[in-house]
Amino acid sequence: MKAAVIVFPGSNCDRDVAVALHQSIGAAPTMVWHRDTSLPDLDLIVVPGGFSYGDYLRCGAMGAHSPVMKEIKKAADKGVRVLGICNGFQVITEAGLLPGVLMRNRGLKYVCKDVHLKVEDSQSAFTTKYSVGDVVRIPIGHGEGNYFADDETLKRLDGDGLVAFRYCTPAGELTDDANPNGSQRNIAGIFNKSRTVLGMMPHPERLSDPKLGGTDGRKMFESLVETLS
Amino acid sequence: MKAKVHITLKNGVLDPQGKAVEHALHGLGFPSVGDVRQGKFIELTLTETDKAKAKSQVEAMCKALLANTVIENYSVEVMD
């Protein structure tokens, strides 16, 4: 699997996700600077977490218009898998690769903690190592992760099975208390129509090694390697 | 030529910052404050000299970058 990690000024999870990818692939991913106007031949593009362009104007808004984003859109159109994590989710949503928007958390505060997620799909390249209904523990760290979309979009996402993960209790219940940021329908991650683009607020790379305290996130990278190699 | 852009959250979109400001104002002894909605104000200087053209240019900028029309409305005012 040939993977690249996009680096914006203000990205701060680019190295973390590169380490996780390196472990699962057995080779280092290519790091691509946001000003680059061409991409190598790739199977996977990761848009990492952080605070690209200092979250100026709106989180993800400036990154969505960076030079490399045109190339990412072209690659996504060809079916190259795109994974947007946290700020990466905000960026690819602003860029129109996914519907909706990530708003300020309901409680206004930055929330940094482990959360539980209910896995809603095991068919995509990102999720083959999971089973539908699995409850996994993955960390979040964001101030703007409150997923919002209009009712029509939410109905379509649910109707077409495009919600990848939802915030839940450790027992797998989708309660309001388990929702850390006010996201509609407890949505933590969504796919595009073809399930080739995944955006999610939680950070799988932060629990992808026993030394980090857990490996629930590693299955995502292993799924990608299995599907795309 | 100058343009003033007001960006506001659409009706029905929760505005937790506005709510926090509302509660703070109540706490400071302003009970008459009703709903508070917070937005953005952006001022642009333009080289365009035709008012109508300037307005349509700034509206295009709003759609492309300045506002996220999933959750935000914008209004543009152009002046000499």
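**View 1. Buried and exposed residues of helix α2 in chain B of a predicted model**. Four residues of α2(B), namely B:Ala54, B:Val58, B:Cys62 and B:Leu66, are buried (20 or more other C-beta atoms within 10 Å of the residue's own, with 12 or fewer for exposed and partly exposed in between; C-beta atoms are placed from the backbone). They lie on the same side of α2(B) because they cover an arc of only 85° around the axis, the arc being that of the directions from the helix axis to the C-beta atoms. B:Ala52, B:Ala60, B:Lys63 and B:Ala64, on the other side of α2(B), are exposed. Helices (H or I, at least four residues) and strands (E, at least two) are DSSP runs, numbered from the N terminus.

**View 2. Packing and span of α2(B)**. The buried residues pack against β1 (2-9), β2 (40-45) and β3 (72-79) of chain B; contact requires C-beta atoms, placed from the backbone, within 7 Å. The 16 residues of α2 (residues 51-66) end in C-alpha atoms only 19 Å apart, short of the 22 Å that a straight helix would reach (1.5 Å times one less than its number of residues).

**View 3. The contact between chains A and B**. Chain A contributes eleven residues and chain B eight residues. On the side of chain A that touches chain B, five residues are nonpolar, two polar and four charged (Ala, Val, Leu, Ile, Met, Phe, Trp, Tyr, Cys and Pro count as nonpolar, Asp, Glu, Lys and Arg as charged, the others, Gly among them, as polar).

**Notes.** Residues are numbered from 1 along each chain as its sequence is written, and chains are lettered from A and ligands numbered from 1 in the order in which they are written. In this predicted model, local features need pLDDT of at least 70 and side-chain atom pairs count only at pLDDT 80 or more, while totals for chains, interfaces and linings use all residues.

Terms used. Contact = placed C-beta atoms within 7 Å.
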